[in-house]
Structures are given as C-alpha cells and as structure tokens.
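This briefing walks through selected features of the structure shown below, grouped by topic. Please keep the sequence and the model in view while reading.

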Amino acid sequence: PLKLFRAGAFGLPMKRLFVLNANSHGRGAVLFAWHPTGNFLATCGQNRIVNIVNRQGEPHAEIPLDGTGKCAQLEWSADGELLAVLQAGSPNITLWDANHSSVSSLDTGTKDISYICWSRTGPQLAIGTAKGNLVIYNKKTMKKVQLPRSATWASATQAAGTRTSSG
C-alpha cells in the first residue's frame, strides 16, 4: 500500500493522511503528484489508470490511459487547473481539468516525448523530446508552437500567445 503523511509543525511527528490500496495501481512503481494546493493527489501505476483522490484519500476521478505505454510523468499546472499526463510512446498528452472533471487529449505532433513541465507562473506547458525538440502549449489560448532547437524562451512564449516581461 501507498502511505501518505503530512509533516508535523515545529518538529512534531508526521501525521498519516491516508493509505491507498495497492490493488489500485497494479504491481511495481507508482508515480504520484500533489495538486499545488494539496486538494488532490494524482497517482498512476502499472495498470495505466490515473487515480485522482482528494486530501482525505477518497476517490475523485479515474482516467484510463489509451494504448499500451506506461505512465511516464504526472504534472499539475501552477494554478492546479490541469493535470498533464505523459504516456511512454505516445505523441499525445492527456489533460485532466480539475474544475470540470473532464479529460482531453493534446496531440503534440512529436514523437519520443521524454519530458513535460508546466511554467511556474504562466499557462505554458513545455513538452520536450529526447532529440532536443520542444513544443510549447498555452492552456489559455490553446495554441501550441513547435520550436527549433535554437529558439529562446522569450520567443517561445510570445509565439504561444503570452507576453513576457520584455515584450
């Protein structure tokens, strides 16, 4: 079972929040990502089902992944509105909307995605490949821009429809 704890204040012992059933994930490693405000926990194991539970450990949503590739990464947007799910071998990123409990698929148009990362302050999702290619997706404008390897972050965010401090 997966046991989750909350750190105690001022050096006090940690308090157990909840325990997730091992049958929820299948055998093997479990990926997990806390919602930025701690309202939800996203988990995924070998069964390729993303489980969203609330802070009491109660089921909130279940997202079965398409295809046969394992879940490679779970990433929450800075505002906690979207959970991005990277699945090995897939050109698509699964997006779960926490406000509407809806699932959508973002076709990146690239192969061999190796990493995803939300901006800490903006609405952009960076999608990188093992070959160094980069796609920037803006969740507000719903635009995606594929960048050549020589592009800068400022040009990427402007192309994706977001203003930077320099422009």
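The structure, which is a predicted model, holds 3 aromatic pairs. One of them joins F40 and W96 in an edge-to-face arrangement, with 5.9 Å from centre to centre and 90° between the planes. Because F40 belongs to strand β4 (residues 40-44) and W96 to strand β9, this pair ties together parts of the chain that are 56 residues apart in sequence.

**The aromatic cluster**

- F40 and W96 are both buried, and a second edge-to-face pair is formed by W76 and W96, whose rings are 6.1 Å apart centre to centre with 75° between the planes.
- This second pair also links distant parts of the chain, since W76 lies in strand β7 and W96 in strand β9, 20 residues apart.
- W96 has a relative accessible area of 1% and is therefore buried, while W76, at 8% relative accessibility, likewise falls under the 20% cut-off and so counts as buried.
- Taken together, F40, W76 and W96 form one aromatic cluster.

**The sheet around β9**

- The strands β7, β8, β9 and β10 make up an open sheet of 4 strands, arranged in the order β7-β8-β9-β10 with antiparallel pairing.
- Within this sheet, β7 (71-76) and β10 stand at the edges and have a single partner strand each, so one side of each is left without a neighbour in the sheet.
- From one strand to the next, the twist averages 25°.
- Strand β9 (residues 92-97) is mostly covered, as 5 of its 6 residues are buried.

**Pairing of β9 with β8 and β10**

- On one side, β9 runs antiparallel to strand β8 (residues 82-87), and the two are joined by 5 bridges.
- In the register between these two strands, A84 of β8 stands opposite L95 in β9, and L83 has W96, the tryptophan of the aromatic cluster, as its bridge partner in β9.
- The hairpin of β8 and β9 has 4 residues between the strands, and G89 takes a positive phi near 80° in this hairpin.
- With strand β10 (residues 102-107), β9 pairs in the antiparallel sense over 6 bridges, and one of the matched positions is N92, whose bridge partner in β10 is D107.
- β9 and β10 likewise form a hairpin with 4 residues between them, in which the turn residue S101 has a positive phi of about 50°.

**D79 in the loop between β7 and β8**

- D79 is found in the loop that lies between β7 and β8, and its relative accessibility of 43% makes it count as partly exposed.
- The side chain of D79 makes a polar contact with the side chain of S77 at 2.8 Å, and the D79 side chain also reaches the backbone nitrogen of E81 at 2.9 Å.
- When neighbours within four places in sequence are left aside, D79 is in contact with K139 and K140.
- D79 and S119, which are 40 residues apart in sequence, have a C-alpha to C-alpha separation of 10.0 Å in space.

Note on methods
Residues numbered from 1 in each chain as written. Predicted model: local features only at pLDDT ≥ 70, side-chain atom pairs only at ≥ 80, totals over all residues. Heavy atoms only, no water. Buried < 20%, exposed > 50% of the residue type's maximum accessible area, 1.4 Å probe, protein only. Pairing = 2+ DSSP bridges. Axes fitted to C-alpha atoms, helices over the stretch in contact; angles between N-to-C directions. Phe/Tyr/Trp six-rings, centres within 6.5 Å; stacked < 30°, edge-to-face > 60°. Contact = heavy atoms within 4.5 Å. Polar contact = N/O pair within 3.5 Å; in protein donor to acceptor, adjacent residues only side chain to side chain.
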